[in-house]
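I opened this structure to take a few notes. I wanted one buried spot, one pocket and one loop.

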Amino acid sequence: MKIQPTFKRQALSIEDSKRLLQKAKQRAKDVLGKRNYAIVALLLTTGLRSIEIERADVFDLDIIDGDHVLFIMGKGRDSKDAFVKLSNEVYEIIQDYLIARNDENEALFLTHNSKNQSRRLSTKVIRSAVKELLISIGYDSKAHSVHSLRHTFATTALIEGASLLETKEALRHSDVSTTQIYAHLVEKLKSNTYQKVSDALFKSK
């Protein structure tokens, strides 16, 4: 199986995901900090792409069967015909940001520039904000980017017991073979084959 170039982006461990969330929460003292905290929480718990974050509007937030959801325009789509579920924790983080900004702009995430001419947040700014937070917890390499959080969602889902099909549906992959790459990665992470070989060579029996 040929691994696509996007998979060169590395996932975070669950512990480092918690560290990233904690760092973002610590910085959520103003509207920019609250925005970035909401973005990171959303990325880590839904596996959204940065373009899907950019396209999201406030009115895309809804409730289905008692669950908070966010309708999205997925990759290669021209309408918002898919949605991701939001945990209560993530929904509250997003609401905290919306309350802090206190405006009627339709975009879910804004630039909040100093001239008070806020506009829809671009993927470039999203990438920059997430990268800065990653650097703050020690991840300063090309292998770690905003797309790493999508990979993190996938590997965390599988590690926590989600099936391959459930993960495929959550990521909205058209082909399960793409999701299978994450399954191989998880199995490799769980494996202690390398240590077994090292033990055989370096430890006396």
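**Notes on Thr167**

I looked up Thr167 first and found this residue in helix H7, which covers residues 164-171. I keep in mind that the model is predicted.

Is Thr167 buried or exposed? I read a relative accessible area of 1%. Buried means under 20%, so Thr167 counts as buried.

Next I checked what Thr167 touches. Leaving out residues up to four places away in sequence, I listed Ala154, Ala157, Leu158, Ala162 and Thr179. I also found a link to the backbone: the side chain of Thr167 reaches the backbone oxygen of Ser163 at 2.9 Å.

**The whole chain**

I then stepped back to the overall layout. I noted nine helices and three strands in the protein. From the N terminus, I wrote the order down as α-α-α-β-β-β-α-α-α-α-α-α.

I looked up burial for the whole protein as well. Of its 205 residues, 40% are buried. The accessible surface comes to about 12,100 Å², and carbon and sulfur atoms hold 51% of that surface. I also checked contacts between residues at least 6 apart in sequence, and 56% of them join residues at least 24 apart.

**The second largest pocket**

I turned to the second largest pocket and noted about 590 Å³ of space. Its lining has 28 residues, and those closest to the centre are Ala41, Leu44, Thr45, Thr46 and Phe153.

Which elements give two or more residues to this lining? I listed helix H1 (14-26), helix H2 (31-46), strand E3 (82-86), helix H4 (88-101), helix H6 (146-159) and H7. H2 gives the most, with five residues. So H7, the helix of Thr167, is on my list for this pocket too.

I sorted the lining by residue type. I got 14 nonpolar, seven polar and seven charged residues.

**Arg27**

My last entry is on Arg27, in the loop between H1 and H2. Both of those helices are also on my list for the second largest pocket.

How accessible is Arg27? I read 35% relative accessibility, so Arg27 counts as partly exposed.

I set aside neighbours within four places in sequence and looked for contacts. Arg27 is in contact with Gly33, Glu132, Leu133 and Ser136. With Glu132 I noted a polar contact of 2.6 Å between the side chains. For Leu133 I looked up both separations from Arg27: 106 residues in sequence, and 9.7 Å in space from C-alpha to C-alpha.

Note on methods. Residues numbered from 1 in each chain as written. Predicted model: local features only at pLDDT ≥ 70, side-chain atom pairs only at ≥ 80, totals over all residues. Heavy atoms only, no water. Helix = DSSP H or I, 4+ residues; strand = E, 2+ residues; numbered from the N terminus. Buried < 20%, exposed > 50% of the residue type's maximum accessible area, 1.4 Å probe, protein only. Contact = heavy atoms within 4.5 Å. Areas by Shrake-Rupley, 256 points an atom, 1.4 Å probe, with all protein chains shown as cover. Polar contact = N/O pair within 3.5 Å; in protein donor to acceptor, adjacent residues only side chain to side chain. 1 Å grid on protein atoms, 1.4 Å probe; cavity = no way out; pocket = protein on both sides within 12 Å on 5 of 7 lines; lining within 4 Å. Points joined across faces, edges and corners; volume = space filled by probe spheres on them. Nonpolar A, V, L, I, M, F, W, Y, C, P; charged D, E, K, R; others polar.
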